[in-house]
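The exercises below are meant to be worked through with the sequence and the model side by side. Try each task before reading its solution.

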Amino acid sequence: MLPRVVAAETLDHLPPDDPAARRSRRDLMRVHRVMGTRSIVARGWQALVPAPRAGGLLRILEIGAGDGSLLLRVARSLAPGWPRVQLCLLDRQDIVTPATLAGFAKMGWAVQVQAVDVLDWAARPPRPLPGGVFERWDLITTSLFLHHFQGDALDALLAAVAARSDRFFAVEPSRSWPALVGSHLVGAIGANAVTRQDAVLSVHAGFRGFEISARWPKAGGAWQLQEGTAGLFGHRFSATLAGGAP
Ligand SMILES: C[S@@+](CC[C@H](N)C(=O)[O-])C[C@H]1O[C@@H](n2cnc3c(N)ncnc32)[C@H](O)[C@@H]1O
């Protein structure tokens, strides 16, 4: 069995405008195609939000959103049978392009970008909103992001997600031999040196079995958890709060 090893990835530390970083973000879209991430996320959301409220507004937060282009493809695949969405894209880097924002706007999704470290977001209490209520999301979602964290940081992140949402969906690298072999072959889809290195690191930091479920907070409500493989290279986790808003 592969032990879990979390190491700093190059893309996270390159300036957003560095040509190698731009190229690696484009590579990531090809990696998503191979992983089938768009349909994994779309199916995951549909399972978690089975009967969207007619005319309702769904509040979705993506953590570690990157440039938002994966979710734009998810949004396009769900339209038009999906409710109006108020979407917040949270990432340490402010890299969502005007074209991506325009793509969401065209579908009627209202998008806000929050450039913040997720651990700072997790450390502060839920934001008070008008009407005496606190920051709460119908769905928090993430892809290829949780694997950056381990130990107390991962626990704090999951606790903050559970405290602020009714549903959570994550797709991460699977820490498996097929994924490891695949990660060594990303050069075959034209990936640059940054992506080739980060792909291998991501698999070593990925998840297997019920590793995320084991860290999900025990207190704070009756959560239904599901975890397992997603395609050949992915690992999926979802959590639904029993009695959460429909
Ligand atoms: C591998 S990319 C995934 C992007 C996107 N979710 C996707 O699947 O295409 C990981 C993202 O996590 C962001 N990130 C890494 N550490 C972070 C942190 N502590 N807080 C917020 N964002 C972080 C990076 O800036 C990067 O955009």
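**Exercise 1.** How many residues surround the ligand, and which are the closest?

*Solution.* Bear in mind from the start that this is a predicted model. Begin at the ligand and collect the residues that have a heavy atom within 4 Å of it. This step gives 20 residues, and the closest are His32, Gly64, Asp91, Val118 and Ser143. Next, sort the residues of this shell by class, which gives 9 nonpolar, 6 polar and 5 charged residues. Finally, assign the shell to elements: the largest share comes from α2, with 3 residues.

**Exercise 2.** Find polar atoms of histidine 32, glycine 64 and arginine 92 that lie within 3.5 Å of a nitrogen or oxygen atom of the ligand, and then state how much of the ligand the protein buries.

*Solution.* Take the side chain first: a polar atom in the side chain of histidine 32 lies 2.8 Å from an oxygen atom of the ligand. Then turn to the backbone, where an N or O atom of glycine 64 is 2.7 Å from a ligand nitrogen atom, and where a backbone N or O atom of arginine 92 lies 3.1 Å from a nitrogen atom of the ligand. For the last step, consider the ligand taken alone, which exposes 590 Å², and note that the protein buries 95% of that area.

**Exercise 3.** In which pocket does the ligand sit, and what lines that pocket?

*Solution.* The ligand sits in the largest pocket, which holds about 1,000 Å³ of space. Its lining is made up of 50 residues, of which Glu9, Leu28, Leu144, His147 and His148 are the closest to the centre of the pocket. Two or more lining residues come from each of α1 (10-13), α2 (19-35), α4 (69-78), β2 (84-91), α8 (177-184) and α9 (193-204), and among these α2 gives the most, with 8 residues. Sorted by class, the lining contains 26 nonpolar, 15 polar and 9 charged residues.

**Exercise 4.** Which residues line the second largest pocket, and which element gives the most to its lining?

*Solution.* First note the space in the second largest pocket, about 180 Å³. Reading along the sequence, its lining consists of Arg22, Arg25, Arg26, Met29, Asp67, Ser69, Ile95, Thr97 and Thr100. Of the elements, α2 gives the most to this lining, with 4 residues. The class count completes the solution, with 2 nonpolar, 3 polar and 4 charged residues.

Notes. Residues are numbered from 1 along each chain as its sequence is written. This is a predicted model: local features need pLDDT of at least 70, side-chain atom pairs count only at pLDDT 80 or more; totals for chains, interfaces and linings use all residues. Side-chain values use heavy atoms; hydrogens and water are left out. On a 1 Å grid over the protein atoms alone, a cavity is a set of points where a 1.4 Å probe fits but cannot get out, and a pocket is an open set with protein on both sides within 12 Å along at least five of seven lines; lining residues have an atom within 4 Å of a point. Grid points are joined across faces, edges and corners, and a volume is the space filled by probe spheres set on the points. Ala, Val, Leu, Ile, Met, Phe, Trp, Tyr, Cys and Pro count as nonpolar, Asp, Glu, Lys and Arg as charged, and the others, Gly among them, as polar. A polar contact is a pair of N or O atoms within 3.5 Å; within protein, one must be able to donate a hydrogen and the other to accept it, and residues adjacent in sequence count only if both atoms are side-chain atoms. Accessible areas come from the Shrake-Rupley method with a 1.4 Å probe; for residues, only the protein chains shown count as cover. A molecule sits in a cavity or pocket if more than half of its atoms lie within 2 Å of its grid points.
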